[in-house]
Amino acid sequence: MLTRIIITQGIEPEVRPIADKFARYFSNIYSPNNKHRAQSLRKEYASLHENYFEYPLGDYCTFDTELVSKIIFDLKCGKAPDINGLTAEHLNRAHPSLPVILSKLFRLCISCKYVPASFGHSYIVPLPKTKDCTTKSLACEDFRGIAISPVISKIFENCLITKLREFLSTDSNQFGFKKGLGCTHAIYTVRRVVEKLLNGGNTVNLCSIDLSKAFDKVNHHALLMKLIKRNLPVDLLDLLDNWLQNCFSCVKWNHVLSHTFMVKFGVRQGSVLSPYLFAIYLDDIPVFRSLIPRSFVVMYADDILLIAPSCGELQLLFQACECELNALDMCINTKKSCCIRIGPRCDMATANISTSNGHTLLWANEIRYLGMYITAGRHLRCSTSYAKRSFHRSINAIFGKVGRIASEEVVLELVRSKCMPILLYGLECFFLPKSDVKSLDFAVTRFLMKLFRTANYDVILDCCKFFEFTLPSEYLVKKSEKFIVQYKNCSSLHWYFAITVN
């Protein structure tokens, strides 16, 4: 029957084995790093839950019709359908009685401490991690699994997020999954902290920590213990416990679904509530910076950056961070983690940062943090070579498709909306030398010379004025000024801004 469907849809019969192979790969990923530690965490949670007293539920279960209607109205359309074929469009165009029914269902879930079985069923879409996926053969390890959750489950998760704000807050050092904050805020904070230490005559040591399969290795019992420490009402705790224990998934590849497997570990990438739970899971890591003076921890989801004015302090900060990660059964990928030195003594030889199991983190010439490449040297600088390379790749792809068929206005609008953000990503957070700014302008003007078929720079400037096209040098000035104002006005960053004022 399945073979007939595949052939009818024009899909080769070999698609199902590929989907099953992905399913076996992802099912093996959702497993603990250390089985003994996982069993220990399970016993700790059972003991802690047994002695956990009832915390008043209050009004956390008042999911009224107005709240459900607002969440349904705010759902983004055009998203992939869930495993049952439902989309946000179905709910937006449904009968007005649907929010009433869903609000009663959600209140019933809270009172029964149980969610429908379909809430835990999702399917995974493998997406390639590498950019050169068209030029080399890829293995299962080169794909990242994005889970598509049920639409009604997303509404329930949004209701929980709205009602549980006080339990889902995280440390100010965690920039991920917070409204109004993004990667640029974390990068700019790193810049201000490093400049503050450099102005004090220190040689700054940075360590970028990469976690192996961070989202897929989250231990559910450790996560629930984190929620107990936040005094989460026991009814909601039991509901989440039941939800996490009954998660199933399958892989969708070329419209073919694989066999179903159980998800016993990890939080689903693509779920609404998962980012908040993951931030809570790692929320105790920034606390260790208070034990080591003059050190800093900047986090964005699972991207952890340690900053210290000396190698000894960096080693102590790393050990404290590693101890917390081991307690959570998280593993550090030593091959992708590295360190750099910035300051007057950056060229001096120093000892490697070592892990508890004997591995070392090597000192590199640059580190990649949130898409930006920070280089080692006497001054804090970022590399623009990768941005220019990606810009040329994207602009050649667009021009190779539209060619001379489209007008200049259309091509410039595509470049402005698609290619310029790639070239200027995160650069408003750094003070670029004039040579780097000129290099960015050169990358754009060379394409404009090709587009307008001229080598005269003055003609290119006239064309930019005529088409109202801004070069990177002008655009960066406006973008930097706007970003600084937003950063200063962000209430959650007042602490960082205060400590880095000279």
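Begin by selecting helix 4 (65–74), strand 2, helix 7 (151–163), helix 8 (165–168) and helix 12, each of which supplies at least two residues to the lining of the second largest pocket. The model on the screen is a predicted one. Among these elements, helix 7 gives the most to this lining, with five residues.

**The second largest pocket**

Keep that selection in view and consider the space that it borders. The second largest pocket has a volume of about 1,200 Å³. Its lining consists of 31 residues, and those closest to its centre are Asn158, Ile161, Arg165, Val272 and Tyr276. Colour the lining by class to find 15 nonpolar, eight polar and eight charged residues.

**The largest pocket**

Next, select Arg144, Asp210, Asp303, Lys336 and Arg368, which lie nearest the centre of the largest pocket, among the 45 residues that line it. Add helix 2 (15–29), strand 2 (143–148), strand 3 (204–209), strand 12 (366–369), strand 13 (372–375) and helix 14 (385–402), the elements that give two or more residues to this lining. Helix 14 makes the greatest contribution, with five residues. The space in the largest pocket comes to about 1,600 Å³. By class, its lining divides into 22 nonpolar, nine polar and 14 charged residues.

**The enclosed cavities**

How many cavities of 30 Å³ or more does a search of the whole structure find? The search finds two.

For the largest cavity, select Leu244, Arg268, Ser271, Ser274 and Leu277, which lie nearest its centre, among 13 lining residues. This cavity has a volume of about 140 Å³. Show helix 11 (234–245) and helix 12 (274–281) as well, since each supplies at least two residues of the lining. The largest share, three residues, comes from helix 11. Eight residues of the lining are nonpolar, three are polar and two are charged.

For the second largest cavity, select Leu160, Leu164, Phe167, Leu168, Leu227, Leu232, Leu240, Leu273 and Leu277. These residues line a space of about 70 Å³. Which classes appear in this lining? The lining has nine nonpolar residues, no polar residues and no charged residues. Leu277 deserves a second look: it is named in the lining of the second largest cavity, and it is also among the residues nearest the centre of the largest cavity.

**Helix 9**

Now select residues 183–199, which form helix 9. The 17 residues of this helix should span 24 Å at 1.5 Å a residue, and the end C-alpha atoms are 24 Å apart, so the two values agree. Is helix 9 mostly covered or mostly open? Helix 9 is mostly covered, with 12 of its 17 residues buried. The buried residues are Thr184, His185, Ala186, Ile187, Tyr188, Thr189, Val190, Arg191, Arg192, Val193, Val194 and Leu197. Move just past the helix to Gly201, which takes a positive phi of about 85°.

**Two buried residues**

Select Leu317, a residue of helix 13 (residues 311–327). Leu317 counts as buried because its relative accessible area is 1%. Then add Leu306, and draw a distance between the two C-alpha atoms: Leu317 and Leu306 are 7.4 Å apart in space and 11 residues apart in sequence.

Move next to Ser258, in the loop between strand 5 (256–257) and strand 6 (261–262). With a relative accessible area of 7%, Ser258 is also buried. A polar atom of the Ser258 side chain lies 2.9 Å from the backbone nitrogen of Val251. Apart from neighbours within four places in sequence, Ser258 is in contact with Arg16, Ala19, Asp20, Ala23, Cys250 and Val251.

**Two residues with positive phi**

Select Lys213, in the loop between strand 3 and helix 10 (220–229). Its phi is near 50°, a positive value in a residue other than glycine. Lys213 is partly exposed, with a relative accessible area of 29%.

End the tour at His255, in the loop between strand 4 (248–253) and strand 5. His255 is not a glycine, yet it has a positive phi of about 65°. Is His255 buried or exposed? His255 counts as exposed, at 64% relative accessibility.

Definitions and conventions. Residues numbered from 1 in each chain as written. Predicted model: local features only at pLDDT ≥ 70, side-chain atom pairs only at ≥ 80, totals over all residues. Heavy atoms only, no water. Helix = DSSP H or I, 4+ residues; strand = E, 2+ residues; numbered from the N terminus. Expected span 1.5 Å × (residues − 1). Buried < 20%, exposed > 50% of the residue type's maximum accessible area, 1.4 Å probe, protein only. 1 Å grid on protein atoms, 1.4 Å probe; cavity = no way out; pocket = protein on both sides within 12 Å on 5 of 7 lines; lining within 4 Å. Points joined across faces, edges and corners; volume = space filled by probe spheres on them. Nonpolar A, V, L, I, M, F, W, Y, C, P; charged D, E, K, R; others polar. Polar contact = N/O pair within 3.5 Å; in protein donor to acceptor, adjacent residues only side chain to side chain. Contact = heavy atoms within 4.5 Å.
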